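Please read the following briefing alongside the sequence and the coordinates. It takes up aromatic contacts, cysteines and sheet architecture in turn.

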Amino acid sequence: MSTGTGTDTKTSGQSPAPHAADTHDLIRVHGARENNLKDVDLEIPKRRLTVFTGVSGSGKSSLVFATIAAESQRLINETYSAFVQGFMPTLARPDVDVLEGLTTAIIVDQERLGANPRSTVGTVTDVNAMLRILFSRLGKPHIGSPQAFSFNVASISGAGAVTTERAGRTVKERRSFSITGGMCPRCEGMGKVSDFDLSALYDDSKSLNEGALTIPGYTMDGWYGRIYRGCGWFDPDKPIRKFTKKELDALLYKEATKIKIEGINLTYLGLIPQIQKSFLSKDREAMQPHIRAFVDRAITFDTCPACHGTRLSEEARSSKIQGKNIADLCAMQISDLAEWMRGLDEPSVTPLLTALIDTLDSFVEIGLGYLALERSSGSLSGGEAQRTKLIRHLGSSLTDVTYVFDEPTIGLHPHDIQRMNTLLLQLRDKGNTVLVVEHKPEAIAIADHVVDLGPGAGVDGGEVVFEGTVEDLRASSTLTGKHLDDRATLKPSVRTPSGALEVRGANTHNLQNVDVDIPLGVLVVITGVAGSGKSSLINGSVARREGVVSIDQGAIKGSRRSNPATYTGLLDAIRKAFAKANGVKPGLFSANSEGACPNCNGAGVIYSDLAMMAGVATPCEVCDGKRFMVEVLEYKFGGKDISEVLEMSVAQAEEFFGSADAKIPAAHKILVRLADVGLGYIKIGQPLTTLSGGERQRLKLATHMGEKGDVYILDEPTTGLHLADVENLLALLDRLVDSGKSVIVIEHHQAVMAHADRIIDLGPGAGHDGGNIVFEGTPAELVAARSTLTGEHLAEYVGA
C-alpha cells in the first residue's frame, strides 16, 4: 500500500526505487557525423567492457576517439580558467547532436612515443626521475641534487657583475652560479658519437661550383650556394682536393660566423656543424627516406668512449648504492631491477621505493619486463609503446572513468593476449567503462557488449550494423560475425627456397650470437613472444642490406594538406598529364603551389583562430572548398578538372586513368597497388589526417611495393586489419612471392603463420630469456612438434 505522493514511495515486499544518481548507467550518442559516420545513434553501457569492431575505415576510431573521447577531453579542458586553457591544445566540438553520460576519458592509443633521441623508456615513464631522487638521497659519495644524475642536464658555471635597481638606487653585485648536471660532456648525453665519412659529403675532384657537394638539399643555386660563393674563405672554382688545410677547415668545421652577402646578413656554418644541427638533432626513424639514406651512408655512430654509451658523466657514475650506479640500474632488465629494488631496506625513502617497485612491477605484469630503462623510446614497437602508456594507469585509484584503447593486442603473441585481456577486465571490475577498438577474436571474446560498424569502409561504412553480445554477433550476418570463427588451415604444400640470406653472429639487443639462414624466394614468417628478438634479428642484420625494402610500423607523417595522391607520388604524374594536355605549367595543378585559391591558400577552408577557444573552420566562399583558382578548374583532362579527379576514390581513379580517354600508365600503376592493398574505397585527395592506423600502414605498404628490391620485410602488416581483410593480405603476399620476390614477415597472427612456407621462431622467452632460434621449418612441422609457445598456439588455432 502506497502512502503519500512522494517519489520515494515504497510498497511492502518491493525493493526501494533506485536513487536518481544511480540511473545514469549509459553513454548516449545521438546524431554522430564525424568523418564518415552517418547520423549514428548509440547507447553504450557504463562500467562494462565494450568492443568496437568492423573493417578498417568503417568508422570505429571516428566514433570512439574523434567523438566520445574527444568531447570528454574538451569538456574537461573547459573546467580550467581561460588563462590555463591558453596553454592547452584547443579541441573543436565533434560533429554530433547529443552526447550524454560522459565520464573522464583516458586515451591509450597507438601513437608512437616521441622519437626524440634523448627520450628513453625510463624518462617517458618517470622511473628515471624517481631513480635520480633515490641516488641524490642514498648515493655514496653524495654529488648533488637529482639533476646531477640526469643525462639531459649539462654542468655549467659562471660569474660576473649583476646590476639591480633597489629603492631608487642602482646597485652592482658580484654573483656566481653553478649547475651540476649528469650529462656526458663528450657525447652531450646521447650515448653515441658520430664520425663523418668525408667522401660521402663531397666529391673532392670537383669545385663547389661544379657541384662537389653530395649532401641532400645543398645546391649551389640556393642559399647554401650564395653563402659558400660569397664567404671569401676559399675559392668556389678550385677543386676541393687542392684546398689548403686552412680552407678545408673553414669549409668543414668553422663555427657560426656572421657574414654579409649581397647586402643580406647571413650566418656561415661549416658543413659538419651544419649537418649536426639540421640532420643529427632528429631521431633516425623520424627522417625522410632520402635523408636517412644519406645519414646511413655518411655518418657512423659509435658508442661514446667517455661514458661507454651510458650518456652519463664520470661524476654521475661514481655515486653508488650497494655497489651499483644509476647507469648499471638503467641497463638491467626491468624484471631483474624490480628484484634488486626489493633488496633495499632504507626507511628514509620508503614512499619512493614503494612507488618505484610498483611501477617496475607494472612493467612485468603488462609483459614488458624484458625491456631496460635505457632503451630508446623511439625504438619501441607500436604495441610496446601502447603498453608503456598503460603502465601509469594500472595502479591508479581512479574509478568511474572511461578507458579508451586502440587495438591493445598489437604486437602481442597469442600467449600474451590472455594477460592483456586480464588487465582490461581488472580495469572494468574497478568500476570503469572500458571501450576497445579491436580486430582479434581472442580480445573480442571477453566483451560484455559489442558494437559492429560497417557494412563497408569509407563512404560504404559509418553505420552501426550490430549491437549486442559476442554470441549474438556470431549468429549475425555482418562481416565480423561471419569471419569471427574463421581459422586458416595449414598449406597442403609449401614452396621450395631458391637460396638463403646468411646471418652470422647476430647480437643486436638480446640476440645471443644467432646464426641462421633465412630462405629466399618463399614466404618466411618470423615469430616469437614480444621481446624475443624478432625485430632485433631482422632490423639489425637484414634490413639495411642491398636490395632489401623494409616496411616498418613507423607512422606516416602528414598534415591536412597531405593526401594519398601526394604521399604516393600519384599527383606528380597527374599534374604532368594535365599540364601537357593544356599547354600550361604543372605547378598550376597543385593546391600547395601556384594553382592554390588565393583566398584560402589552397586549404579549402578558412580557419579563424579564437585563442583559447576552439578555432572555427568555414568552407572558402571563393573556391567552394575545391582549393584551386577558378581559372585552373577550366583546364580539363579526360573531361574532368583537377578537383573532380581528387574527389575520386582509388577504384574510380584506377578505372579513369586506365581508360583510353585519360590513360596515364604511371598513375594507373600506383592506383593498382593501392587497390591491391585494399584501399580502393579511399579518396585520392582525402587528407592523411583522416585515415585510420590500418589505412596508413597499407598506404605505406603500397608505396614501398613500387621500390626496386628483391627482398621485402613487413613488420606486422595485419595491424589494423579486419579478419576479412587478412585473406586479401595473404593473397597479396602470395602475389609478391610468385612474382619472384622474397618476403619476410614479422607477425603474431596465426593465419599468417599457417600460410607461411617457412617459420623461424625465436625465444624461448623475452629479454635475456630469449634471443635464440628455437625452431626452423614448415608450419606443419612446428604444429607437429609443439616444442615452442608458438607451436602450441598455432596447433590450437588450426585445430590440430
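The points below are grouped by topic and describe a predicted model. Among the features covered are 11 aromatic pairs, a search for disulfides that finds 0 in the whole structure, an open sheet of 6 strands with mixed pairing and an open sheet of 3 strands with antiparallel pairing.

**Aromatic pairs and clusters**

- The count of aromatic pairs comes to 11, and one of them joins Tyr 228 and Tyr 268, whose ring centres lie 5.9 Å apart with the planes at 85°, so that this pair is classed as edge-to-face.
- Because Tyr 228 belongs to helix 5 (residues 223–230) while Tyr 268 belongs to strand 10 (residues 264–268), the pair ties together parts of the chain that are 40 residues apart in sequence.
- Both partners are buried by their relative accessibility, which is 2% for Tyr 228 and 0% for Tyr 268.
- Phe 656 and Phe 657 also form an edge-to-face pair, with 5.0 Å from centre to centre and 75° between the ring planes, and both of these residues are buried.
- Phe 578, Phe 589, Tyr 635 and Phe 637 are linked by ring pairs into a cluster.

**Charges over rings**

- Lys 254 places its charged end over the ring of Trp 233, at 4.6 Å from the ring centre.
- Arg 311 lies over the face of Phe 151, and here the distance to the ring centre is 5.0 Å.

**Cysteines**

- A search of the whole structure finds 0 disulfides.
- For Cys 623, the closest cysteine sulfur is that of Cys 620, and because the two sulfur atoms are 3.7 Å apart, they are too far from each other for a bond, given that a disulfide requires the sulfur atoms to be within 2.5 Å.
- Cys 623 is buried, with a relative accessible area of 5%, and Cys 231, at 12% relative accessibility, likewise counts as buried.

**The sheet of 6 strands**

- This open sheet has the strand order 19-22-23-18-24-25, and its pairing is mixed.
- Its edges are formed by strand 19 (548–551) and strand 25 (772–777), each of which pairs on one side only, and from one strand to the next the twist averages 15°.
- Within the sheet, strand 22 (residues 711–715) and strand 23 (residues 742–746) run parallel and are joined by 5 bridges, with Val 711 standing opposite Ser 742 of strand 23.
- Helix 24 (residues 693–704) packs on this sheet, where it touches strand 19 and strand 22, and the direction of helix 24 makes about 170° with that of strand 19.

**The sheet of 3 strands**

- The strands of this open sheet follow the order 2-1-4, and their pairing is antiparallel.
- Strand 2 (40–45) and strand 4 (96–100) are the edge strands, each pairing on one side only, and neighbouring strands of the sheet are turned against each other by 5° on average, direction ignored.
- Strand 1 (residues 26–32) pairs with strand 4 in the antiparallel sense over 4 bridges, and Ala 32 stands opposite Val 96 in strand 4.
- Helix 1 (residues 60–77) lies across strand 1, strand 2 and strand 4, and it runs at about 60° to strand 4.

Notes. Residues numbered from 1 in each chain as written. Predicted model: local features only at pLDDT ≥ 70, side-chain atom pairs only at ≥ 80, totals over all residues. Heavy atoms only, no water. Phe/Tyr/Trp six-rings, centres within 6.5 Å; stacked < 30°, edge-to-face > 60°. Helix = DSSP H or I, 4+ residues; strand = E, 2+ residues; numbered from the N terminus. Buried < 20%, exposed > 50% of the residue type's maximum accessible area, 1.4 Å probe, protein only. Lys NZ or Arg CZ within 6 Å of the ring centre and 35° of its normal. Pairing = 2+ DSSP bridges. Axes fitted to C-alpha atoms, helices over the stretch in contact; angles between N-to-C directions. Contact = heavy atoms within 4.5 Å.
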